[in-house]
Amino acid sequence: MCDYELDEGKSVPYKEKYELKGNKQLIIRVPEETDAQALIDYMKTVDCETHFLAREPDEFDFTLEQEATFIRNLVDDKHSQMFVGELDGQIVANCSVGIVMNKRRYLHRAALGIAVRKAYWGMGIGRLMMLECIKWCKNNNIEQLELEVVTQNERAVTMYRNLGFQIHGTKKHALKYGDGTYADEYFMILFLDEITKPKN
Ligand SMILES: CC(C)(COP(=O)(O)OP(=O)(O)OC[C@H]1O[C@@H](n2cnc3c(N)ncnc32)[C@H](O)[C@@H]1OP(=O)(O)O)[C@@H](O)C(=O)NCCC(=O)NCCS
């Protein structure tokens, strides 16, 4: 019998404001049920804007009720969190972070997914969303944050490297597209105890 205890504490949901270049203000917050339709629209849009996400554009099929239930359930979920980025009242980014498996031997590891609407790339939003995920990990005793990224996704790989993630392997043919072509993925890990200060 192992005699250690699990930390079942959930991070306090919050809303943070950040100044972007051009006097724009980004709000990063947890989603509310009233965001359900906007989130569905957002998911469908980002799936069409890049080949670098896990889904084909027609694969996101949550109904309004399912999306509202998903958001409601996040409140009680101690092991994962979703954040949305809001600019001028619109959802322009999202990221999800959570433990890789709800078994004690895996509770030190979390994985994440992130996207930003294409029109808002390059404004620093992705990096700010990542920092929220890292903060969530630190508040939840996570030791390592992991992700998989298509090897050609230079913007994302640069962002992850600059935050301290390192490549720990390559999965050949991880994705197969509708036209029969493949993409490889890097497996990247950020060891949270190694973070001093993310580069600029
Ligand atoms: C990857 C993604 C989340 C980045 O978001 P973003 O808001 O554009 O990111 P930022 O503006 O914070 O810039 C991130 C980094 O990209 C770098 N960058 C910008 N343009 C670049 C380019 N053409 N090539 C390489 N790096 C580039 C910037 O220097 C920046 O580095 P920094 O972290 O040191 O500041 C966004 O492009 C996206 O949603 N892409 C599609 C979905 C996706 O790929 N998700 C990740 C799946 S693993």
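1. Two strands are said to pair if DSSP finds at least two bridges between them. On that footing, strand 7 and strand 8 are joined by 6 bridges and run antiparallel. Their hairpin has 5 residues between the strands, and Gly180 there takes a positive phi near 90°. Within this pairing, Leu175 stands opposite Ala183 of strand 8. The reader should keep in mind that the model is predicted.

2. The UniProt record, an unreviewed entry, places the feature "domain: N-acetyltransferase" at residues 26-193. In the model, this span is 29% helix and 35% strand. The C-alpha atoms at the two ends of residues 26-193 lie 28 Å apart.

3. The sheet may be taken next. It is an open sheet formed by 8 strands in the order 1-2-3-4-5-6-8-7, and the pairing is mixed. Strand 1 (15-20) and strand 7 (166-176) are the edge strands, since each pairs on one side only. On average, neighbouring strands of this sheet are turned by 25° against each other, direction ignored.

4. Helix 3 packs on this sheet, where it touches strand 1, strand 2, strand 3, strand 4, strand 5 and strand 6. The direction of helix 3 makes about 30° with that of strand 4.

5. Strand 3 (residues 80-87) has partners on which several details are available. With strand 2 (residues 24-29) it pairs in the antiparallel sense over 4 bridges. Ile28 stands opposite Gly85 of strand 3, and the bridge partner of Arg29 in strand 3 is Val84. As a general point, the side chains of a regular strand alternate between the two faces of the sheet.

6. Strand 3 is also joined to strand 4 (residues 90-99), by 8 bridges, and these two strands run antiparallel. Ser80 stands opposite Gly98 in strand 4. The hairpin of strand 3 and strand 4 has 2 residues between the strands, and Asp88 takes a positive phi near 50° in it.

7. Further along the order of the sheet, strand 6 pairs with strand 8 (residues 182-191) in the antiparallel sense, over 7 bridges. In this pairing, Val150 stands opposite Glu185 of strand 8.

8. How do helix 1 and helix 2 pack, and at what angle? Helix 1 (residues 36-49) and helix 2 (residues 64-74) pack at an angle of about 105°, and their axes are 9 Å apart. Angles of 65 to 115 degrees count as roughly perpendicular, and so helix 1 is roughly perpendicular to helix 2. Helix 1 brings Ala36, Gln37, Leu39 and Ile40 to the contact, while helix 2 brings Leu64, Glu67, Ala68 and Ile71. The residues of this contact divide into 6 nonpolar, 1 polar and 1 charged.

9. The final point concerns the ligand. There are 22 residues around the ligand, of which Trp121, Gly126, Arg127, Thr158 and Asn162 come nearest. The elements giving two or more residues to this shell are strand 5 (109-116), helix 3 (125-139), strand 6 (144-150) and helix 4 (154-162). Which element gives the most to the shell around the ligand? That element is helix 4, with 6 residues. By type, the residues of the shell divide into 12 nonpolar, 7 polar and 3 charged.

10. Two elements recur across these points. Helix 3 packs on the sheet, and helix 3 is also one of the elements that give two or more residues to the shell around the ligand. Strand 6 likewise gives two or more residues to that shell, and strand 6 pairs with strand 8 in the antiparallel sense.

Methods. Residues are numbered from 1 along each chain as its sequence is written. This is a predicted model: local features need pLDDT of at least 70, side-chain atom pairs count only at pLDDT 80 or more; totals for chains, interfaces and linings use all residues. UniProt positions are given in the numbering used here, feature names are shortened, and annotations may be inferred rather than shown by experiment. A residue is near a molecule or strand if its C-beta atom, placed from the backbone, lies within 6 Å of it. Ala, Val, Leu, Ile, Met, Phe, Trp, Tyr, Cys and Pro count as nonpolar, Asp, Glu, Lys and Arg as charged, and the others, Gly among them, as polar. Axes are lines fitted to C-alpha atoms, for helices over the stretch in contact, and angles run from 0 to 180 degrees between N-to-C directions. Two residues are in contact if their C-beta atoms, placed from the backbone, lie within 7 Å. Angles under 35 degrees count as roughly parallel, over 145 as roughly antiparallel, 65 to 115 as roughly perpendicular and the rest as oblique.
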